[in-house]
Amino acid sequence: MSHASTSLLTVDARTRKRNAAEARFKAYGIGAIIVAMLALAILLTSVLGSGLSAFRQTYLTINVQLPEAKLDKSGVRDLAVMRKVTTIGYASVLRDSLLETMADAGITTEMSKKDVAKLISKEAPATVRNHVLANPDVIGTSMSFDLLAEGRIDGFFKGRVTMESAALDGNTSPEALKLAEDLKAAGLLETRLNWDFLFAPDASDQRPEAAGLGVAILGSLYMMVVVLVLALPIGVASSIYLEEFAPKNRWTDLIEVNISNLAAVPSIVYGILGLAIFINFMELNQSSPLVGGLVLTLMTLPTIIISTRASLKSVPPSIRDAALGVGASKMQSVFHHVLPLAAPGILTGTIIGLAQALGETAPLLLIGMVAFVREYPAAYSPDAGLFGEASTALPVQIYNWTQRADPGFVERASGAIITLLVFLLAMNIIAIILRRKFERRW
Amino acid sequence: MSLSLSVLLAIALSATAYFMAPRHALRFVAGDRRKLASLPKQYGLSAGLSVFLPAILIALIGGLGGLAPASLPYIVIAVAAVALVLSIWQSRPEFIARNRAESIITLVLIAASGVAILTTVGIVLSMLFETANFFQDYDWKDFFFSTEWSPNFRGDSALGILPLLWGTLYISLIALAFAVPIGLFAAIYLSEYAGPRLRSIAKPAIEILAGIPTIVYGLFALVTVGPFLRDYFAVPMGFGQSASSVLTAGLVMGVMLIPFVSSLSDDIFNAVPQTMRDGSLGLGATKSETIRQVVVPAALPGIVGAVLLAASRAIGETMIVVLGAGAAARLSLNPFEAMTTVTVKIVSQLTGDTDFASPETLVAFALGLTLFVITLGLNVFALYIVRKYREQYE
Amino acid sequence: RDNVQVAGSSTVLPYAAIVAEAFGENFEFPTPVVESGGSSAGLKRFCEGVGENTIDIANASRKIKSKEVAACAEAGVTNIIEVRIGYDGIVFASDINGNSFEFTPEDWYKALAAEMPKDGAMVANTTTSWSAVNPAFPDQPIQAFIPGTKHGTREVFEEKVILAGCEASGAMAQIMEINGGDEDAAEGTCMAIRTDGRSVDIDGDYTETLARIQADDNGIGVFGLAFYENNTDKLQVATMSGVEPTTESIASGDYPVSRPLYFYIKADHIGVVPGVKEFAEFFVSDDMAGPDGPLAEYGLVSDPALADVQNAVMNEVFMGN
Amino acid sequence: MLDSNHMDVKMQTETTTKISAKDVQVHYGDTHAIKDVNVEIEDKAVTAFIGPSGCGKSTFLRCINRMNDTIDICRVSGDILIDGEDIYDRRVDPVQLRAKVGMVFQKPNPFPKSIYDNVAYGPRIHGLSNSKAEMDEIVERALRRGAIWDEVKDRLDAPGTGLSGGQQQRLCIARAVATEPQVLLMDEPCSALDPIATAQVEELIHDLSKNYCVVIVTHSMQQAARVSQKTAFFHLGNLVEFGDTDKIFTNPEDPRTESYISGRIG
Amino acid sequence: MLDSNHMDVKMQTETTTKISAKDVQVHYGDTHAIKDVNVEIEDKAVTAFIGPSGCGKSTFLRCINRMNDTIDICRVSGDILIDGEDIYDRRVDPVQLRAKVGMVFQKPNPFPKSIYDNVAYGPRIHGLSNSKAEMDEIVERALRRGAIWDEVKDRLDAPGTGLSGGQQQRLCIARAVATEPQVLLMDEPCSALDPIATAQVEELIHDLSKNYCVVIVTHSMQQAARVSQKTAFFHLGNLVEFGDTDKIFTNPEDPRTESYISGRIG
Ligand SMILES: Nc1ncnc2c1ncn2[C@@H]1O[C@H](COP(=O)(O)OP(=O)(O)OP(=O)(O)O)[C@@H](O)[C@H]1O
Ligand SMILES: Nc1ncnc2c1ncn2[C@@H]1O[C@H](COP(=O)(O)OP(=O)(O)OP(=O)(O)O)[C@@H](O)[C@H]1O
Ligand SMILES: [Mg+2]
Ligand SMILES: [Mg+2]
């Protein structure tokens, strides 16, 4: 034969060719990993680059005078009366206080009072108002507040806004930025860590600096609880039935094809379905994480089923035989032996399915979760039941923020994406660890 | 009493049954579990399930559609209580609890598969009526055979599905042509070549790609990939000026799909018994020959599953297509041209500003149903392929 | 349910969100939930019926259609209050570093029409440069980013710009000559937009248009006024027929391209869901929707007839009455 | 030593029928693997199945505890009665059947679990022990009977798949006897064993046959002669001859049996 | 017939060393499976490895074509030379080595492919045929040598995994010889075979040994005596004794060999 007398130390021509093919093949593998990792690196850097700054925020420290004349004309501290003073009233209080604080610090500017007041976020009056309503005693005193600076000012300290761009910008001016710098020099303005980004609710289009992810994180959390509790067991259960127990006939073929087909149904169609079944027929609350979770469960099921069935299929029959042979029932052989061996694939399906469920916006459009929501949903309420109060979700928040006109929301959206990825990793970490534990060769 | 409270109570009762039943049975045999017909925990399981399931079923059925009578919670509890007594009474040594437990579990498993069926029925029904409404206003021949898609607000829209189908097919094919080889090779490398360290890092890392919100991919396509392809390929090669193109969307979507193929295939490769590889290596095959000719064919059903999943995602994706390929429906072979997909149009027609009873909006349902039927056909084909080429190891 | 639920047009969403936020801050009611999803989906949900699990208010960037009113009535939603909150200006803007333009509708017609009449026959539009459209323009390739056919803006663009340009340029008359005087068909022909890639439909939102312009310096895009005003450092706006788009010029009607924005109240929910009427009143109050209010500041063109609207809301005047 | 034992057993000739097969046919798709087999297998005795490779021994063995149910393309017809009950009756629960009829497969197939768990699995699902200590005892006893205890006693936690071929085979034997089945089917239980281990397993078979019904498949005539009281000779799917082992080996009736036996080597 | 052949072989005593092992140690994790083995295996001869189950025969066999590389926890030290070349040298390509040193595994492991493809697999990857016809010939020849041609010639397209245990074993033998390796390692090649098939495989081994070096693991002393010229006795990982088969079986030096041999049964 061709290789009859060749030395092992020298590689013959054919082997060389095959080894070259081997090296190529391996290189393709490495290449594939590199492509994937590179894509990941690029995407992550771009997200991190533009999003990390969302976790820092610029604050103004203003010594706010809280004059009784303006905030409680009656002087009796009756809350019902005090409420009549709206945030518009508080805004003028803040303006005056800022001017005074500036004067105290010896900072002067050419700008009009109205423009100076624009340095303060539109969120600030509400902050102060809430504080005053909660502590009516403070009226008549002066107290120091750390208030959000307006978005462009914040952007200036994060490098998003420059003097040149401000000159063209209708919403700020170089003078304002100059003033902000002076305030910073005087210690009245500071850019620091911003936990509110994670805990505050969304804010309207005029207040990018105040917008937070609190409601969205809560909503996503609730939905993922629903999805995890329903999709994984239902998905695994139906795969087990179809793969192990169901008779193999046309019907089960039909079901099999049908489930793969469900995976290809555009996610918005699940929204249509959810609207029809859960909201119109079952009369669950719209915009609620429960409905969202149910819709996402239906959407995730095919992914979990397909991957579970694929891994159940790949368990060698000899393992089943061994269990049946010692008198285990089919059920026992599946749950004791086959399922643990199929676990890595099931967990992969879960990881991918949850990733999809966590990042999906389209089906939520039709069930009212793509929304502006400022009230934190409770996990349970007597009216709304479990997860029944209106909320949004992380992808929805991202989607909304990327649509907003104010460029300040670009940073927020990227920050939200970072949060979503962290959320995803945190959610999957158990699955990833479990999967490593179950991985074995035989 | 509220329904949820009664369900909680029913759960508590079934937990009681779970703990009581084995004890009751053991009492007859003086605590010697070997004399029981089934394992003690199977008595528990059987009893617990017999209590829980009827109660929850009644609660669910009664609670659906808000037709719950005020007495429903009490009925639920009564049923649970009766089942509790019965199931504990039934727990005698000669009672084969395993069979009971297993038949209940089988029912649960069947019910679980029923969810998928009901979902399908629901999807078809929820689209069928509106589709019928659409075809009352719009000629089905134009819908299926017209090559023009241009809805407008004046009511004389052209709503031909062909350009959308073509776009769907084209973009998905490009995405799969990118993702399947890369995903497969990544899976092969991870499961067959890589050490455990690299594997334990790279696999979850690649899975992140599936979790990045599609808007990020979309913007990446729009801002980076699109102009790059235009400036370095399309324009020099004379393929046009468009920054958004089928190729852009396809490639970027391909990146997103990599983990769908790689992770699942990797798990399946891992499940192929080592003796298969040994058999091949022992004949002097190289690792790559072993993989290509033994491991991959043996893992074929799983791979097809993974690819189907990826294809499904490709068909269902909107954001990347909108930002990467544009929104223009077009029938063209040029991969550097803007096109769009069925799914994108479903979303945009549903979320647009057109009159909700007009064909322009209703067409979304017809599109959805048509897509459903077409993908069904593709899946039948995939099943056939798997059946034909499946290699079942022992 | 104790919070007001609003759904509908994504154009109205920012305004509704601003109002909802202020409403939540200053009233004892919880902040209303404002969903987006398009005028069509919003009205559809609105017309699903009366009851706790239907929405209270639908935002729309167009007037409700009669077919929709009929569908509403069929589902029991008969008492609808129509509220016009103001106008949305539609502007043309390009990259801040690029050439500046002073457009007329005619220019847009000539640049984007699919076919134009020439010597008694319709010929495909092959213009590739703005200078070919109007010698006053620089020699810049035509690349327009216009709203996709799902957007209400597209309708306005087609009617108030393209069709107007078609008529102004005399093309309309020529087309009618060619097709034998069929006015409807001629209008359709006028408004058919070329599909050779010179004009790109944007199915997304204005941020997408902005991103496309930033990726392509020659691009000229259609934006809402509010969006432009928040991005004046990146975009330069073009004048239309010599008028620069501002809230004032639009309110006065000098700037021709704008559309009204509405919301619709389900009157049957007033008194059932707490805060519906208060929210609506607050929305159209001078503090909010007035010319100096935050909505105008954000870019809404305040309705000159706001007082009438306020009255209609206060007195719960139903549509059709 | 063995011989004297054999004498004992062969004394008590009058035995009852444990398994009886009537007109059993097995098809794998188009392959007709078992043709019209009729046989009566005695209780408290060892029956050996011999015959050339591929003649259907394993197939028939797998019919007896309905393991063939797991092969999609396999169809079984005819009746197999155990203790007079048709095991293919619809009311028969194959699980209970298999608990009663244990099996050692031709190819060792340990679970990818620890050695201990491999053996403990059966007793555990059948509830044969009340405590951990009892289970330890059961496992040790089974491993001892499987003649593998000494080799694995220090590594009961090591995976069963990491054993040598012969060790795996003995592990599977231990696993099967741990559940104390009434009928034990062993498909070439000693094929990978050295003579000493073989002797130990044969000893086990002999022990078991005092109380139970044991059926083994073997290629070694010597082994069949040593351990079995009855022998069945299969050929091309047919049961050619069935009878007392002595008779089959010394005085076969069928020429096919004759020629198979005489073709034996060493 | 066989005996006369054996005579032929034993005449040509002066043979060359094909494989030589020096101080080979193998560990599976903490298990020390092979201890300090030194052995010289002759070319154009059959060497038998015998020893109790679990003593390390398979392990040592797998070292010779580096199949142990595929077991993560397995570490091999010492030198193994084939034709004087260290196969654990970094320059040696295990692929080329394994093409030269074929292997039949203890557990039959047919590919989940058709019988034809199972056999054609090796020749195909080594490019041993130029045409379909040639390949058909190779496959038929290999199946004939594996003594299974008659049983499968009508179903070459059926999957190899659907064969009986013994058929699978012979299929794997056919698969291994189809690539014409210079050294053939066979781990209990006849364990699942009936006497006639065993004889045919032994015939094959004998044939092969005329040109190639054959190493077999067997539990049957008779088989070792019949087919091998040299025998190595392993015990607890040690190579206790190595020498002419005649000598080992008639006059072993080591008491352990002695007791193992004498413990033999039938
Ligand atoms: N993959 C493995 N992991 C751990 N230990 C192993 C592995 N394979 C074999 N061993 C151990 O190494 C020792 C030698 O095993 P080997 O397979 O070489 O025995 P053998 O002589 O072939 O026995 P048999 O005749 O039973 O096949 C045994 O104690 C065995 O348990
Ligand atoms: N799963 C299967 N699919 C198709 N044919 C099969 C299958 N299993 C066995 N056969 C065929 O049925 C016949 C009998 O096989 P069986 O396994 O019963 O033989 P056996 O007597 O056990 O042989 P051996 O001694 O080689 O194990 C053989 O021709 C075999 O090829
Ligand atoms: Mg067999
Ligand atoms: Mg071995």
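How far does a backbone N or O atom of D:G165 lie from an oxygen atom of ligand 1, and what is the distance in Å? Select both and look: the two atoms are 3.4 Å apart. Keep in mind during the tour that this is a predicted model.

**Stop 1: ligand 1**

Select ligand 1 and show the chains beside it. The ligand sits between chains D and E. Now display the residues around it; there are 20 of them, and the closest are D:R155, D:S164, E:S53, E:S58 and E:T59. Colour these 20 by class, and you should get 5 nonpolar, 12 polar and 3 charged residues.

Next, switch to the cartoon view. Helix α7 (165-178) of chain D and helix α2 (57-64) of chain E each supply at least two residues of this shell.

Go back to atoms and select D:G166. A backbone N or O atom of D:G166 is 2.6 Å from an oxygen atom of the ligand. On the chain E side, select E:S58, where the contact comes from the side chain: one of its N or O atoms is 2.5 Å from a ligand oxygen. On its own, ligand 1 has 630 Å² of accessible area, and the protein covers 89% of that.

**Stop 2: the disulfides of chain C**

Move to the cysteines. A disulfide is a covalent bond between the sulfur atoms of two cysteines. How many disulfides does a search of the whole structure find over all chains? The count is 2.

Select C:C47 and C:C72. Their sulfur atoms are bonded, with an S to S distance of 1.8 Å. The torsion about this S-S bond is about -70°, so the disulfide is left-handed. The pair links distant parts of the chain, 25 residues apart: C:C47 is in the loop between α2 (39-46) and β3 (57-60) of chain C, while C:C72 is in helix α3 (residues 66-74). Both cysteines are buried.

Now select C:C166 and C:C190, which form a disulfide with sulfur atoms 1.9 Å apart. This link is left-handed, with -45° about the S-S bond. C:C166 belongs to helix α6 (residues 152-168) of chain C and C:C190 to helix α8 (residues 183-191) of chain C, so the bond ties together parts that are 24 residues apart in sequence.

Are these two cysteines buried or exposed? C:C166 is buried, at 0% relative accessible area, and C:C190 is buried at 0% as well. Counting bonded cysteines along chain C, the pattern is 1-2, 3-4.

**Stop 3: cysteines without a partner**

Select D:C63, which is in no disulfide; the nearest cysteine sulfur, in D:C74, is 6.2 Å away. D:C63 is buried, with a relative accessible area of 0%.

Then select E:C190. Its sulfur is 13 Å from the closest cysteine sulfur, that of E:C172, which is too far for a bond. E:C190 is buried, with a relative accessible area of 8%.

**Stop 4: E:S228**

Finish in chain E. Select E:S228, in the loop between α9 (221-227) and β9 (230-235). This serine has a relative accessible area of 1%, so it counts as buried.

What does the side chain of E:S228 make a polar contact with? Display E:T245: the two side chains are in polar contact at 2.8 Å. Add E:K230 to the view, and you will find its backbone oxygen 3.4 Å from a polar atom of the E:S228 side chain.

Notes:
Residues are numbered from 1 along each chain as its sequence is written. Chains are lettered from A and ligands numbered from 1 in the order in which they are written. This is a predicted model: local features need pLDDT of at least 70, side-chain atom pairs count only at pLDDT 80 or more; totals for chains, interfaces and linings use all residues. Side-chain values use heavy atoms; hydrogens and water are left out. A residue is near a molecule or strand if one of its heavy atoms lies within 4 Å of it. A polar contact is a pair of N or O atoms within 3.5 Å; within protein, one must be able to donate a hydrogen and the other to accept it, and residues adjacent in sequence count only if both atoms are side-chain atoms. Accessible areas come from the Shrake-Rupley method with a 1.4 Å probe; for residues, only the protein chains shown count as cover. Helices (H or I, at least four residues) and strands (E, at least two) are DSSP runs, numbered from the N terminus. Ala, Val, Leu, Ile, Met, Phe, Trp, Tyr, Cys and Pro count as nonpolar, Asp, Glu, Lys and Arg as charged, and the others, Gly among them, as polar. A disulfide is a pair of cysteine sulfur atoms within 2.5 Å. Buried means under 20% relative accessible area, exposed over 50%, partly exposed in between (1.4 Å probe, protein chains only).
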